[in-house]
Amino acid sequence: MLNGELISFLSQFQGINLVSERSVLALPANADLQLIQQRTKAEYVLEGIINGVENMLIVHSTLTNTVTGFTEWSGEVSVAAGNPLLMFEKLSRQISAALTFLASGNQQDDSQFKPTEDFQAFDLYLQGKQLLRDAHNLAQLEQAERLFASALQRDNRFLLALSGLCRTQVEEYRISQSLKTFEMAMQNCQQIGLDERRRAESEIALGALFRQKGEYATAIEHLEIALAADEDNSEALSLLAEAYALNQQSGKAEQFFHQAITTDPGFWRNYQQYGNFLFEQGKYKDAAVQFELQTTLQPDSEMAFNNLGAAYFMANDMPHARQAWQQALAIQPSAPTYSNLASVAFYEHDFVTAAALYRHAIELRPENVSLVANWADSLKFVNGQQENARLAYQEALQLARNSLVVNPNDNYMHVASARYLAELDQCDSAREITLPRMAKFPADPYIFYELALIASHCGQANEVQAMLQKAISLGYPAETLRQDPQFSAFTSNIEQLILPTQVTK
């Protein structure tokens with residue numbers, strides 16, 4: 001079984017051509033190197049011996065040249081008995097690194113294949129790459145960042161490690177919203193752009209960067225280049241789908257999300273990103289289906305259960321939302337978990353509890369705009385906390401402006417900053433932001449929800465009803481609006497909007 005898994009894993013590497021398992025099994029048991037070379041044309045033979053020492057399993061591997069008979073590489077890995085997955089991970093990483101170096105010696109153009117002269121640097125890169133693929137929280141991303149940085153310390157021209165570092169820091173920024181993190185990502189990603197040796201991984205990293213900056217057409221260009229080099233790269237497919245969605249090309253986005261899932265049905269991130277796409281379109285029940293699949297693939301991920309809970313919450317399924325969030329909390333307390341539980345308290349008009357939970361979330365992610373704004377929303381309903389609410393809105397406004405430095409094309413963030421200005425009684429400044437953009441806003445229910453809040457605070461009752469009607473038509477749940485404390489003065493208006501919505505379903 002291990003042989004088949006290794007063949008499957010190693011076949012993913014460009015430049016490494018493997019003899020099929022069937023061809024190997026067809027060889028006589030006593031076949032010598034000459035016969036192996038004649039029948040399979042293989043340049044190297046991989047052999048391994050497994051030994052058990054106390055509670056450890058030790059695998060000694062060799063790569064032998066079929067022409068010269070010389071052993072050109074040997075290595076050893078050891079793990080605790082009963083941990084076959086760790087054994088496979090260590091062994092496959094070690095052998096892939098060795099084959100990469102041996103195969104590169106036969107390439108006419110060394111820069112086309114051999115990524116680095118340093119074997120240990122390549123091993124660190126492979127560890128970082130695997131961790132980045134599996135990472136679902138900030139701590140894991142930071143660990144991947146350290147591995148890529150260590151690889152670059154050993155070889156500062158190692159382009160794949162630099163691409164991994166760029167990609168990791170962009171993902172870190174998406175979670176932390178720290179400007180310092182984004183500036184580091186920009187510095188490393190710009191070095192990739194200047195390097196003519198770029199491969200698919202480099203183009204994916206640049207695509208992720210430009211998507212984050214709001215330069216969606218440029219992101220699409222880089223991701224299409226990556227797919228031209230590696231058409232079955234599910235990460236490139238999924239990122240391309242995201243870029244098309246942000247570029248308001250929903251049809252193409254849907255197409256590439258489905259293609260990513262078909263190409264790599266076992267990769268959790270494909271379901272998360274497609275679920276996010278559906279969620280932002282107001283298709284909460286459909287999003288919940290994708291997040292359910294994510295939790296199946298990631299049963300130890302608090303993020304997966306947070307996503308699922310949010311979809312149930314917006315679909316007005318509170319029992320399942322609470323259950324998902326409690327599972328998330330049991331796995332690991334996190335900012336999204338505290339925030340989601342705070343939202344439940346907020347809608348139940350328990351504003352003191354909501355404020356306390358939002359504060360816990362902010363302590364974990366102090367530069368997250370939404371968390372600070374939600375905290376301010378809860379504080380304004382707590383007796384004696386109105387001044388602290390204003391200070392929190394001022395902080396949220398500054399964080400929103402920081403975010404717009406990174407991505408000036410983020411429509412939601414423009415509207416959010418206008419809303420914080422309205423909360424600070426600067427309605428004219430809020431309108432200066434929203435009015436010129438009104439005709440260009442995408443079909444995002446959250447944008448019209450925020451516009452309704454601006455109109456509410458600035459005394460535009462008719463505008464409130466129009467914006468709420470638009471939000472509901474785009475999928476924002478009317479029942480959730482009915483329970484929203486921020487629209488308590490407009491309950492009768494919302495009731496008028498709910499009835500026709502229910503009739504048409």
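**Exercise 1. Place Asp134 in the chain, and decide whether Asp134 is buried, partly exposed or exposed.**

*Step 1.* Start with the secondary structure: Asp134 is found in helix α6, residues 119-134. Helices here are DSSP runs of H or I with at least four residues, strands are runs of E with at least two, and both are numbered from the N terminus.

*Step 2.* A word on the model before going on: it is predicted, so local features need pLDDT of at least 70 and side-chain atom pairs count only at pLDDT 80 or more, while totals for chains, interfaces and linings use all residues. Residues are numbered from 1 along each chain as its sequence is written, and side-chain values use heavy atoms, with hydrogens and water left out.

*Step 3.* Now the accessibility. Buried means under 20% relative accessible area, exposed means over 50%, and partly exposed is in between, with a 1.4 Å probe and protein chains only. Asp134 has a relative accessible area of 37%, so Asp134 is partly exposed.

*Step 4.* Finally, a distance to check in your viewer: Asp134 and Ala144 are ten residues apart along the chain, and their C-alpha atoms are separated by 9.9 Å.

**Exercise 2. Follow the contacts of Asp134 to Gln298 and describe Gln298.**

*Step 1.* Contact means heavy atoms within 4.5 Å. Leaving aside neighbours within four places in sequence, Asp134 is in contact with Gln140, Trp268 and Gln298.

*Step 2.* Gln298 is found in the loop between α15 (284-297) and α16 (302-314). With a relative accessible area of 3%, Gln298 is buried.

*Step 3.* With the same neighbours within four places left aside, the contacts of Gln298 are Asp134, His136, Trp268, Met303, Ala304 and Phe305.

**Exercise 3. Work out how helix α12 packs with α13 and with α14.**

*Step 1.* Take α12 (residues 234-246) and α13 (residues 250-263): they pack at an angle of about 165°, with their axes 8 Å apart. Axes are lines fitted to C-alpha atoms, for helices over the stretch in contact, and angles run from 0 to 180 degrees between N-to-C directions.

*Step 2.* Classify the angle: under 35 degrees counts as roughly parallel, over 145 as roughly antiparallel, 65 to 115 as roughly perpendicular and the rest as oblique. α12 is therefore roughly antiparallel to α13.

*Step 3.* List the residues: from α12 come Ser234, Leu237, Ser238, Leu240, Ala241, Glu242, Tyr244 and Ala245, which meet Ser250, Lys252, Ala253, Phe256, Phe257, Gln259, Ala260 and Thr263 of α13. This contact of α12 with α13 has nine nonpolar, five polar and two charged residues. Ala, Val, Leu, Ile, Met, Phe, Trp, Tyr, Cys and Pro count as nonpolar, Asp, Glu, Lys and Arg as charged, and the others, Gly among them, as polar.

*Step 4.* Turn to α14 (residues 268-280), which packs with α12 at an angle of about 10°, the axes being 10 Å apart. So α12 and α14 are roughly parallel to each other. Ser234, Ser238, Leu239, Glu242 and Ala245 of α12 make the contact with Asn270, Gln273 and Phe277 of α14. By class, the contact of α12 with α14 has three nonpolar, four polar and one charged residue.

**Exercise 4. Describe the sheet, its hairpin turn and the surroundings of Thr62.**

*Step 1.* The sheet is open, with three strands in the order β1-β2-β3 and antiparallel pairing. Two strands pair if DSSP finds at least two bridges between them. Its edge strands are β1 (44-53) and β3 (71-80), each pairing on one side only. On average, neighbouring strands of this sheet are turned by 15° against each other, direction ignored.

*Step 2.* Ten bridges join β1 to β2 (residues 56-65). Among them, Glu47 has Thr62 of β2 as its bridge partner, and Tyr44 has Asn65.

*Step 3.* The hairpin of β1 and β2 has two residues between the strands, and Glu54 in the turn has a positive phi of about 55°. Glu54 counts as exposed, at 81% relative accessibility. The C-alpha atoms of Glu54 and Ala81 are 8.8 Å apart in space, with their positions 27 residues apart in sequence numbering.

*Step 4.* Thr62, by contrast, counts as buried at 16% relative accessibility. Apart from neighbours within four places in sequence, Thr62 is in contact with Val45, Leu46, Glu47, Thr71, Trp73 and Ser74.
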